[in-house]
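Could you show me around this structure? I have it open in my viewer and would like to know what to select next.

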Amino acid sequence: MSDGGNVLVVEGNDELRAAYDRVLAEFYSVSTAACGERAFETMTDDTDAVVLDRPLPKMSVAALVGELTARYDRCCVGMVTSSEPYFDVTRWLGIDDYLVKPVTTEQLQATVDRLIALAEYGAIYRRLSQKRVRKSVLVQEKPAAKLGRSGEFQRLEAEIDRLEAELDDIVDKVSETARGLKHHDS
């Protein structure tokens, strides 16, 4: 197992759930659930991504996704399903990716990589936003000469630059993975 992130697989089919667990456990910390009710028991604040089957036994996917994203706002959700999407697929707001079975190991891993990157992006963006607000307040309230001499202000600017670069790296990684999948699907 890698420390690549924490993934919850919610899959009603025992064989697929075990296969996804085996494949993903090489790269991530994986938890599994056979149904939506069990997903609630298994999900934690540390879960970065959910790979979700549709349909699920005993619970609607829309209800599960709505509740998971309400409880865990930093987690990203990808659906892996043998069902064709309905035209009203937007009812699953909160779905960050959608794969139609059968999926390859590469597609599954690339999707989870994107989901984890999106979760990471959200967390970093929030920290960056908070630091930008702090900088803005300081720029408005402190004389420029005082800010120029402040080591703390210089560290704040350096941290903002670092976080912006991290976000750019995540965008590049997600874009590269998506391009690779399109090429692979062709």
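Here is a tour that starts with the sheet, moves to its helices and ends with charged side chains.

Keep in mind along the way that this is a predicted model.

**Stop 1: the sheet**

Switch to a cartoon view and look for the five strands that form an open sheet, in the order S2-S1-S3-S4-S5, with parallel pairing. Strand S2 (29–33) and S5 are the edge strands, each pairing on one side only. On average, neighbouring strands of this sheet are turned by 20° against each other, direction ignored.

**Stop 2: strand S3**

Now select residues 49–54, which make up strand S3. How many of its six residues are buried? Six of the six are, so take this as a covered strand by the definition of buried as under 20% relative accessible area. In a regular strand the side chains alternate between the two faces of the sheet. Here, Ala49, Val51 and Asp53 lie on one side and Val50, Leu52 and Arg54 on the other, and both faces are covered.

Next, add the neighbours. Strand S1 (residues 6–10) runs parallel to S3 and is joined to it by four bridges. Strand S4 (residues 76–81) also runs parallel to S3, with six bridges between the two. Click on Leu52: its bridge partner in S1 is Val10, while in S4 Leu52 stands opposite Met79. To follow the chain from S3 to S4, trace it through helix H3 (residues 61–71); this β-α-β crossover is right-handed.

**Stop 3: a helix across the strands**

Select helix H4 (105–141). H4 lies across S1, S3, S4 and S5, and runs at about 175° to S5.

**Stop 4: Lys101**

Just before H4, pick Lys101, in the loop between strand S5 (95–100) and that helix. Is Lys101 buried or exposed? Lys101 is buried, because its relative accessible area is 18%, and the cut-off for buried is under 20%. Show what surrounds Lys101: leaving out residues up to four places away in sequence, it touches Glu11, Leu16, Tyr20, Asp53, Val80, Thr81 and Ser82. Zoom in on Asp53, whose side chain is joined to that of Lys101 by a polar contact of 2.9 Å.

**Stop 5: salt bridges**

Side chains of opposite charge can pair when their charged atoms come close. The structure holds twelve salt bridges, and three of them make good stops here.

- Select Asp14 and Arg17, whose side chains meet in a salt bridge (2.6 Å, N to O). The two are three residues apart in helix H1, so about one helical turn separates them. Asp14 is exposed at 53% relative accessible area, whereas Arg17 counts as buried at 15%.
- Select Arg114 and Asp97, where the closest N and O atoms of the salt bridge are 2.4 Å apart. Arg114 lies in helix H4 and Asp97 in strand S5, so the pair ties together parts 17 residues apart in sequence. Both residues are buried.
- Select Glu164 and Arg132, which meet in a salt bridge of 2.7 Å, N to O. This pair links distant parts of the chain, with Glu164 in helix H6 (residues 151–185) and Arg132 in helix H4, 32 residues apart. Glu164 is partly exposed, with a relative accessible area of 28%, and Arg132 is partly exposed with 36%.

To finish, select Glu11, Asp53 and Lys101 together: salt bridges that share partners join them into one network.

Note on methods:
Residues numbered from 1 in each chain as written. Predicted model: local features only at pLDDT ≥ 70, side-chain atom pairs only at ≥ 80, totals over all residues. Heavy atoms only, no water. Buried < 20%, exposed > 50% of the residue type's maximum accessible area, 1.4 Å probe, protein only. Polar contact = N/O pair within 3.5 Å; in protein donor to acceptor, adjacent residues only side chain to side chain. Contact = heavy atoms within 4.5 Å. Pairing = 2+ DSSP bridges. Right-handed = clockwise from strand over helix to strand, strands pointing away. Axes fitted to C-alpha atoms, helices over the stretch in contact; angles between N-to-C directions. Salt bridge = Lys/Arg side-chain N within 4 Å of Asp/Glu carboxyl O.
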